[in-house]
Amino acid sequence: TAGGSARVGGDASPRAVTATEKRSSPVRSEISDDSARETSAPAPASSSVASPSAAPPPEPEPRTPPLQHPRFPESSSEVPAPRSEPDSEEGSRVYSEGSSVFVFRSTTCGPTERAHPGPEGLPSPGAPRIAVLAARGSRGLGDDIDGEAAQGPLVTYCVYCVRLCLIFAEAGVPFELVEIDRNCKQSWFREAFPEFTTPAVQGTPGGKSNGEWVGNSGAILADAVQADARVRGAARLRGGVTLERAARLGQTLTASLVCGRLLGTQYEHGKAFARECLEKCGVLREEEDEEDGRASLDVGAENAKESAFEEDARLLFDRCFDDAEALGALRARVVDAGARAAREIESALTSPSKLSGPFLGGQSPDASDAYLVAALWVAHNLLTSGVARCFSKTRGDGFTCSFAALGAPSALKYLYAWSARPSWRAIMRAEDTVQSAASLRHLVDGMVAAAPDSCDVGDMLACMNRARANDTYYARAVALFGHTLPPIPPVGERPTRVPGRVTTWRPEAIEEARNPGELRDVLAAGGADAELIAGESGGEGGARGEPGE
């Protein structure tokens, strides 16, 4: 196949890895933010899923290890050669080491790469292709948030993609993972799917059998539930957490962690980004609902109190860009929203009424687990990298923070329980991806671009370096296969930024903007038991915010 794809089977047994290898381009500069060119086109690859290891490790402390494989010393003579299989002059490098798979693409996204074909032919019935958005912990181009860090392998990071693929993998549905590099506008995908969003599915279940690509993760899941008994079974909620609640809690926590960095910026893009995060974490009401919120002042004391709180938050937001006191008060509200969400997540994970086991669904995950873990993965890396600075300072640590400090000590164990499952490997390619620089680099890049004053690039580079130091998957990839990649370009040839100008391609933006209504309707459309789908509705108070899709 072509298009950066990996076949995921319904079982967890290791299989052979095949790949095509691409000649390195001599050109290594991507683009400044005022350019339309971007790097790395998709290319063919196939990989397998391996069985998980046993117990999850304890909570890691932020550290700075040498970039080497944990089982091999730094000496190049003892580092195993990459196992790859050249197939054509145009393609990608896909390497396997043990049970892990590493995908590199080391070219600029010029006309040749953009014209590279996507997957060929139609997928087999019952084994669809799923296009997912992927990023890397460093682009290896000397960007201001990468510095001298070598290029990392691609990792699926889009939360909508992750949760959809987790449900499919938990259902035992084989699928072909087609990784779309977020830093490259890929011609084949745009031509095949003009909507140009992820996740997108070709084939069934979840899509159409005629080869047409379809998007909208909610619609994909609804179609798959209706068409496939395996997905219908995996989507049944066994615990007491609804999809709405799981999505809202993850979104509230992640948005609050990002928001603390953006507040106080003087750049218009940064202000808009900050407002979006305030809405997502429930501190501000979404603009289209503000008029309804004001009207509710006359409808009962509780509604009036809530509306007054939100009105006060709006006033603080309007003043926070010029008033230090208002900025501090608004940041405190953001921290409180995130901490409330963390405590509610802890309550859900440890509830006495929950089924026995590490997941909301008990011994194995259900659909609400897939919706929650995708956001928790990003939140964990925002905390341990130091990007969530206002949280770390509030909790007494000047650089990093943790779920435990926010009142959710079970969340990290929950992440590692997920990482030990074959479904996690099916998407992340390895078990040691809980600590992942790729999970947050796109956020950091957007924050520095939109608000370079409040998101100081030197500080953000330090955060990304900390994230890369904690990321053993990135470290293993660099130690094992970094010698096959072109060197980082000289300083004069590296990408530059136009401060406050944002041109980043975000094919996930439409997915975020969709509002399909009650998420339970997605599964109810498949004819599943409404009570099992909805779960229990109690205990959803606390962190406010709408489920975002």
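This section describes the fold, the strand pairing, the nonpolar cores and selected residues of a predicted model.

The protein chain has 20 helices and eight strands. It comprises 549 residues, and buried residues make up 58% of them. Contacts across long stretches of sequence are frequent: of those with a separation of 6 or more, 78% involve residues 24 or more positions apart.

Confidence varies along the chain. The mean pLDDT is 75, and 67% of the residues reach 70 or more. Two segments stay under 50. Over residues 288-299, where pLDDT is under 50, the model has 13 contacts beyond four places in sequence. Over residues 525-549, also under 50, the corresponding count is 71. Where pLDDT is low, the predicted coordinates should not be read in detail.

Strand 4 pairs with several partners. Its partner strand 6 runs parallel to it, and six bridges join the two. Within this pairing, Ala131 of strand 4 stands opposite Val178 of strand 6. Ala134 has Asp181 as its bridge partner in strand 6. Strand 7 (residues 200-202) pairs with strand 4 in the antiparallel sense, over three bridges. Here Arg129 is matched with Gln202 of strand 7. Strand 5 (residues 155-156) is also antiparallel to strand 4, and two bridges hold this pairing. The bridge partner of Ala135 in strand 5 is Val155.

Strand 4 is buried along its length. Seven of its seven residues fall in the buried class, so the strand is largely enclosed by the rest of the structure. Neither face is left open. One side carries Arg129, Ala131, Leu133 and Ala135, the other Ile130, Val132 and Ala134, and all are buried. Strand 6 (residues 175-181) is mostly covered as well, with seven of its seven residues buried. On one side of strand 6 lie Phe175, Leu177, Glu179 and Asp181, and on the other Glu176, Val178 and Ile180; all of these are buried. Charged side chains are thus included in both strands: Arg129 in strand 4, and Glu176, Glu179 and Asp181 in strand 6.

The largest nonpolar core contains 132 residues, and Phe391 and Phe403 touch the most other members. Helix 11 (residues 367-385) gives the most to this core, contributing 12 residues. Apart from it lies another core, of five residues, among them Val94, Val101, Ala134 and Leu154. Ala134 is also the strand 4 residue bridged to Asp181. Phe391 reaches several stretches of the chain. Leaving aside neighbours within four places in sequence, its contacts are Ser256, Leu257, Val334, Val335, Gly338, Ala339, Leu383, Cys401 and Leu406.

Helix 6 (residues 243-262) was examined for regularity. At 1.5 Å a residue, its 20 residues should span 28 Å, and the end C-alpha atoms are 28 Å apart, which agrees. Helix 6 is also covered throughout. Of its 20 residues, 20 are buried, so the helix is largely enclosed by the rest of the structure. Just after helix 6, Gly264 takes a positive phi of about 100 degrees.

Helix 7 (residues 268-280) contains Glu279. Glu279 has a relative accessible area of 14%; it counts as buried because this value is under 20%. Glu279 and Thr252 are 27 residues apart in sequence, and their C-alpha atoms lie 9.0 Å apart in space.

Two further buried residues make polar side-chain contacts. The first to be described is Arg476, in helix 17 (residues 472-481). Arg476 is buried, with a relative accessible area of 6%. Its side chain is joined to that of Asp432 by a polar contact of 2.7 Å. The second is Ser439, in helix 15 (residues 438-450). Ser439 has 0% relative accessibility and counts as buried. A polar contact of 3.3 Å joins its side chain to that of Asn381. Beyond neighbours within four places in sequence, Ser439 is in contact with Tyr157, Trp377, Val378 and Asn381.

Note on methods: Residues are numbered from 1 along each chain as its sequence is written. This is a predicted model: local features need pLDDT of at least 70, side-chain atom pairs count only at pLDDT 80 or more; totals for chains, interfaces and linings use all residues. Side-chain values use heavy atoms; hydrogens and water are left out. Buried means under 20% relative accessible area, exposed over 50%, partly exposed in between (1.4 Å probe, protein chains only). Helices (H or I, at least four residues) and strands (E, at least two) are DSSP runs, numbered from the N terminus. Two strands pair if DSSP finds at least two bridges between them. The expected span of a helix is 1.5 Å times one less than its number of residues. pLDDT is the predictor's confidence in each residue, from 0 to 100. Contact means heavy atoms within 4.5 Å. A nonpolar core is a set of buried Ala, Val, Leu, Ile, Met, Phe, Trp, Tyr and Cys residues joined through side-chain atoms within 4.5 Å. A polar contact is a pair of N or O atoms within 3.5 Å; within protein, one must be able to donate a hydrogen and the other to accept it, and residues adjacent in sequence count only if both atoms are side-chain atoms.
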